[in-house]
Amino acid sequence: MAVYLSDWIRRYLSVRSQVRGLPTISSLFEFFESSYRQKLPHISFIVPVRDYTIDTPWDKYAKFRSDLFACPQLSTPSYAVYVTSNSNAAVLISNKSGLFGKPIDMFRYVAINIFGKQITSTQSGDEHYRHKKIVKPCFKENIMQTGWSKMVEAFQTMKFEETIEGGGTIEDVKDCMIKLTLYVFGRSGFNMDFPWNIPQSKAEESMPFAEALHAVESSITVQVLVPFWTLVYFPLKLVRRLGQAQKSFVSHLKAMYHSKRLELKSSSGYDQDRNISPPPKDILGALVASQMSAESEERLKAGKTREKVLGLMESEVIGNICEAGHETTGHTLTFLQAYLCVYPEWQDKLYEEIISVCGDEPPSYRHVSQLNICLAACYETIRLKDIVMTLPKIAMKDTTLPYTTWGDEGHISHKVHCIKKGSHIIIDSPALSLNPFVWTDPGRFDPTRFLDANGRVSSSINSFAGFSLGQRQCIGKRFAEVEMVAYISH
Ligand code: HEM
């Protein structure tokens, strides 16, 4: 025990020496996961959550006068943790995938693998490439069109179900936006009738898909932390329901996966030699079609006799179906509407753009690329209210990180800090989006930041990291943009 403890302390002291020269926030426990950090009480040096100033992300950097600081944690003595809001560092870390990977053992990445390994939680390099090869081709034009049409359908349903067709009030906008994007996910993801209000079945037997998906999603932390059989046999009915939800969800996904394969193979345009079907209009279909085409590509390369087929395993295809991104879209729409209330002049500008682009017609998918201000308002919302909060990375080799410090007199110094292989680096995207060295008057809601001189919208401005950057940036970005513009233009 004494040897174990002294080794622990030795490693912790080594971490402290690695971060020497940088401002630090020391703690007993690791507490980076934004999802649970907000729920913890502030206890100095044990879990100093307030020092992270979630509501005003730039404040800690202003206090330190540095856009890089370190977090030595007694509970994780094997690696140093660095937090950066430096835009050069963010670009470097995101673009050098041989030098910086993903810390895939972190809770958030382990958690999303619950139903099968999925792209977000793969290590950068070969494993990520294998997933991306299947997932990326799903987001083609036909899926974007589906995203638009299902969002318009969801919007009409929302007005009807929430009885606001002739005007009225929605009490809980966030709740409503999450329902809205879940509805779009259900319909565009699986091409199935997804109800607005999900009924709760009484029996403890198999649940319908929509109910199982909803129950699993809203209890994901419990689903990850508590073993499946404990949930299923727990004395409380409420907890047993969560086990039932997981069981039903997985069995629905497997059944849908297999029936989708059969459906694609029996569809009229199916090319038997190349194992290719006409482009499906739902994400599940697109994923299965992409997998089938990768399988036949590999078969052709390896010869027809080869047993092992590459592409993704069944559990991985199922895992990737679960990568929905609907909550991020739902939260962004919530904040966007709040900003449009607080800044009515922007509500007017969006309205003028919609009228000038669409005229008397209702907005449609063919207008999407012209609704620049609408999309710029979405980016500006993500800049000010970053939902993903942190982008964790890991150093695969010893390397350096650029950072900036400044003094009272306005003197600025650009520096580098040496970091060891295995160190964690958190790109603090909410603070990066408010870094006054990068953004002018960063607290102001101003969508024109994302418009060029010709009024064209672009997110590639000032290393904007709301959808992450480089190889690991959001694969569903365009889908999310289409959904958000469809909603806000209506
Ligand atoms: C406003 C909405 C959205 C925002 C702000 C957003 C943001 C992000 C961010 C920051 C990442 C990087 C996460 C990390 O490195 O841990 C990411 C990755 C990802 N997102 Fe999104 N996302 C949104 C919507 C969506 C949608 C609608 C989908 C799917 C339909 C989606 C699918 C993905 C996938 C698959 C990845 C992993 C990419 C990879 O590792 O190669 N996202 N997203």
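At what angle do the axes of helix 12 and helix 14 cross, and within what distance do they come? The axes come within 10 Å and cross at roughly 110°. Angles of 65 to 115 degrees count as roughly perpendicular, so helix 12 is roughly perpendicular to helix 14. This is a predicted model.

**Helix pairs**

Helix 12 covers residues 237-266, and helix 14 covers residues 314-321. From helix 12, the contact takes in Leu 253, Lys 254 and Tyr 257. Their partners in helix 14 are Glu 314, Val 317, Ile 318 and Ile 321. By class, this contact of helix 12 with helix 14 has five nonpolar and two charged residues, with no polar ones.

Helix 15 and helix 17 form another packed pair. Their axes lie 9 Å apart, at an angle of about 105°. That angle makes helix 15 roughly perpendicular to helix 17. Helix 15 brings Thr 332, Phe 335, Leu 336 and Tyr 339 to the contact. Helix 17 answers with Ala 377, Cys 378, Thr 381 and Ile 382. Six residues in the contact of helix 15 with helix 17 are nonpolar and two are polar; none is charged.

**The ligand shell**

The shell around the ligand holds 22 residues. Gly 325, Thr 328, Ser 468, Cys 474 and Gly 476 come nearest. By class, the shell divides into eleven nonpolar, eight polar and three charged residues.

Which helices each supply at least two residues of this shell? They are helix 15 (326-342) and helix 19 (477-489). Helix 15 gives the largest share, with three residues.

**Helix 19**

Helix 19 has 13 residues, and at 1.5 Å a residue they should span 18 Å. The end C-alpha atoms are 18 Å apart, so the model agrees with that expectation.

Is helix 19 mostly covered or mostly open? Mostly covered: eleven of the 13 residues are buried. The buried residues include Phe 479, Met 484, Tyr 487 and Ile 488. Glu 481 and Glu 483 are also among the buried residues of helix 19. So are Ala 480, Val 482, Val 485, Ala 486 and Ser 489.

The buried residues of helix 19 pack against several helices. Their partners are helix 7 (141-161), helix 8 (173-190), helix 15, helix 16 (344-358) and helix 17 (372-384). Helix 15, which also supplies residues to the ligand shell, is thus one of the packing partners of helix 19.

**Loop residues**

Two loop residues have positive phi. Thr 163 has phi near 45°, although Thr 163 is a residue other than glycine. Asn 462, also not a glycine, has a positive phi of about 50°. Thr 163 lies in the loop between helix 7 and helix 8. Asn 462 sits in the loop between helix 18 (429-432) and helix 19.

Tyr 343 is another loop residue, placed between helix 15 and helix 16. The C-alpha atom of Tyr 343 is 42 Å from that of Phe 115. Along the chain, Tyr 343 and Phe 115 are 228 residues apart.

How exposed are these three residues? The table gives the C-beta counts.

| Residue | Other C-beta atoms within 10 Å | Exposure |
|---|---|---|
| Thr 163 | 10 atoms | exposed |
| Asn 462 | 16 atoms | partly exposed |
| Tyr 343 | 17 atoms | partly exposed |

A residue counts as exposed at 12 or fewer such atoms, so Thr 163, with 10, is exposed. Residues between that limit and the buried cut-off of 20 count as partly exposed. Asn 462, with 16, is therefore partly exposed, and so is Tyr 343, with 17.

Methods
Residues are numbered from 1 along each chain as its sequence is written. This is a predicted model: local features need pLDDT of at least 70, side-chain atom pairs count only at pLDDT 80 or more; totals for chains, interfaces and linings use all residues. A residue is near a molecule or strand if its C-beta atom, placed from the backbone, lies within 6 Å of it. Helices (H or I, at least four residues) and strands (E, at least two) are DSSP runs, numbered from the N terminus. Ala, Val, Leu, Ile, Met, Phe, Trp, Tyr, Cys and Pro count as nonpolar, Asp, Glu, Lys and Arg as charged, and the others, Gly among them, as polar. The expected span of a helix is 1.5 Å times one less than its number of residues. Two residues are in contact if their C-beta atoms, placed from the backbone, lie within 7 Å. Axes are lines fitted to C-alpha atoms, for helices over the stretch in contact, and angles run from 0 to 180 degrees between N-to-C directions. Angles under 35 degrees count as roughly parallel, over 145 as roughly antiparallel, 65 to 115 as roughly perpendicular and the rest as oblique.
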